[in-house]
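I opened this structure with a notebook at my elbow and wrote down each thing I looked up. Here are the entries, in the order I made them.

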Amino acid sequence: RKNGLIDQIWSTLQRRVLLSATRIVALGPQMKERISNNAGEELDSDTIHIIHNWEDPEFIKPMDKSDNWFSQKHELDKQFSVLYSGNIGDFHDLETLVEAMAALDDKRAKALIIGEGDNKDNIVAHAESLGVRGNGISFLPYQPLDDLPYSLTAADVSVVTVREETRGICVSSKLYTAMAAGTPILVIAHPNDDEARITTRFDAGIQASPGDVEGVQEAIETWIENPDLLTKQGHNARKAFEQNFTRKQSVRAYYELLSGE
C-alpha cells in the first residue's frame, strides 16, 4: 500500500541506492524525471544518463507486404492491417485496441495480436464478446525467432501500448522494433510517456491515450484514408531508428559511460 511500511522501506532503500550511484541509466526523459523525483533534490541530475533500448538494423528491415510470406499467409496483404506483437500482460492496454476495432465501420481493417501473457485470455474473451475475434482480430502465439523479420514487418501499422501507471517505469522495447520495421506506430499511452514523446518527436505515428477508443479508431481511419501519411510516417520511423536507436549506438553509449570516455 502507498505509504505503508513496505513502501516506506523500499522507497528509502531506493533513494539511498540512487544517491550513492556514480552513474544512473534511464531509458528515456520521462524515466529520468521519475528517477529524479524518487531520489529527491540531493541527486545531481547530471548523474543520470539517457541510453535508449535498441534493435538490430540488419535483423529487422522494412519489407513490403507483397513480398512478405507471413503477410500473405495470414491475409494481411489484402487489407489494412494493424499488428501487436509481444507480451500480453496487465500493463499493456489492448482492451482499447480491441474496442476500437469493434467500432470501426471500415471492415477492410484487421488487427493481428501475437504473443502470450497473463492477460491474453481476458483479451481474447473481450474480442469474442464484441464479436470481432476471427472477424477483425486474429490471435497467434509467439513466433519462432527466424520468423520475426517477417512477422514484425507484416502489417501496415505497429502497436505499442502501455498503461498510464507505468509512465516513467519502463520504455517498451517494441517501440524500437516497430521503428526498425519502418511502419508507423500506433502508440496507446499517456502523451508524456517516452514512447509517445519519441513517436511524436519524429512524426513516426499517432498517439492515443489508454481508454481513448475513439482516438484509436480515428488514427486507423486517418491512415486508411491517407496512404501518403502512412508511407511518410513509416519512412520517418526507420530514418529516426537508423540515426538514433540501433544496437551499435546504444552499446557504444554504454561503453563510453562505463569507461569514462
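**Entry: where two helices meet**

I began with the contact between α9 and α10 in this predicted model. On the α9 side I found Thr222, Trp223, Ile224 and Glu225. Their partners in α10 are Pro227, Leu229, Leu230 and Gln233. Sorted by class, the contact comes to five nonpolar, two polar and one charged residues.

Next I wanted the geometry. Two packed helices are described by the angle between their axes and the distance between the axes. For α9, residues 213-225, and α10, residues 227-244, the angle is about 105° and the axes are 5 Å apart. Angles of 65 to 115 degrees count as roughly perpendicular, and α9 and α10 are therefore roughly perpendicular to each other.

**Entry: Glu221**

I stayed on α9 for a moment, since Glu221 is found there. Is Glu221 buried or partly exposed? I noted it as partly exposed, at 23% relative accessibility. I also looked up its C-alpha distance to Ala109, which is 8.8 Å, although the two positions lie 112 residues apart along the chain count.

**Entry: the cores**

Which residues have the most contacts inside the largest nonpolar core? I wrote down Phe80, Leu97, Ile113, Leu186 and Ile220, in a core of 32 residues. Helix α9 turned up again here: it gives the most to this core, with six residues.

I then followed Leu186 outward, setting aside neighbours within four places in sequence. Its contacts include Val157, Ser158, Val159 and Val160. Leu97 and Ile206 are also among them. So are Val216, Ala219, Ile220 and Trp223. Trp223 is a name I had already met, in the contact of α9 with α10.

There is a second, separate core of 31 residues, and Ile24, Val171, Phe202 and Phe241 are among its members.

**Entry: aromatic pairs**

How many aromatic pairs does a search of the whole structure find? I got four. I looked at Phe202 with Phe245: the ring centres are 6.0 Å apart and the planes stand at 85°, so this pair is edge-to-face. The pair links distant parts of the chain, 43 residues apart. Phe202 sits in the loop between α8 (194-201) and β8 (205-208), while Phe245 sits in the loop between α10 and α11 (247-259).

I checked burial for both. Phe202 is buried at 18% relative accessible area, and Phe245 counts as buried at 2%. The cut-off for buried is under 20%.

I also noted a cluster: ring pairs link Trp69, Phe70 and Tyr150.

**Entry: two serines**

Ser151 is in helix α6, residues 148-151. At 1% relative accessibility, Ser151 counts as buried. Not counting residues up to four places away in sequence, Ser151 touches Phe70, Leu83, Ile114 and Gln143. Phe70 also belongs to the ring cluster I had just noted.

Ser172 is in the loop between β6 (157-161) and α7 (174-180). I have Ser172 down as buried too, with a relative accessible area of 9%. Which residues does Ser172 contact, leaving aside neighbours within four places in sequence? They are Val160, Val162 and Glu195. Val160 is also in contact with Leu186.

**Entry: positive phi**

I turned to the backbone here. Most residues other than glycine have a negative phi. Asn3 has a positive phi, near 70°. Asn3 lies in the segment before α1 (5-20) and counts as exposed at 55% relative accessibility.

Asp203 also has a positive phi, about 50°, although it is not a glycine. It is found in the loop between α8 and β8, where I had already placed Phe202. Asp203 is partly exposed, with a relative accessible area of 27%.

**Entry: Val251**

Last on my list was Val251, in helix α11. At 45% relative accessibility, Val251 counts as partly exposed. Val251 and Asn53 are 198 residues apart in sequence, and I have their C-alpha atoms 9.4 Å apart in space.

Methods: Residues are numbered from 1 along each chain as its sequence is written. This is a predicted model: local features need pLDDT of at least 70, side-chain atom pairs count only at pLDDT 80 or more; totals for chains, interfaces and linings use all residues. Side-chain values use heavy atoms; hydrogens and water are left out. Axes are lines fitted to C-alpha atoms, for helices over the stretch in contact, and angles run from 0 to 180 degrees between N-to-C directions. Helices (H or I, at least four residues) and strands (E, at least two) are DSSP runs, numbered from the N terminus. Angles under 35 degrees count as roughly parallel, over 145 as roughly antiparallel, 65 to 115 as roughly perpendicular and the rest as oblique. Contact means heavy atoms within 4.5 Å. Ala, Val, Leu, Ile, Met, Phe, Trp, Tyr, Cys and Pro count as nonpolar, Asp, Glu, Lys and Arg as charged, and the others, Gly among them, as polar. A nonpolar core is a set of buried Ala, Val, Leu, Ile, Met, Phe, Trp, Tyr and Cys residues joined through side-chain atoms within 4.5 Å. Buried means under 20% relative accessible area, exposed over 50%, partly exposed in between (1.4 Å probe, protein chains only). Rings of Phe, Tyr and Trp (its six-membered ring) pair if their centres lie within 6.5 Å; planes under 30 degrees apart count as stacked, over 60 as edge-to-face and the rest as tilted.
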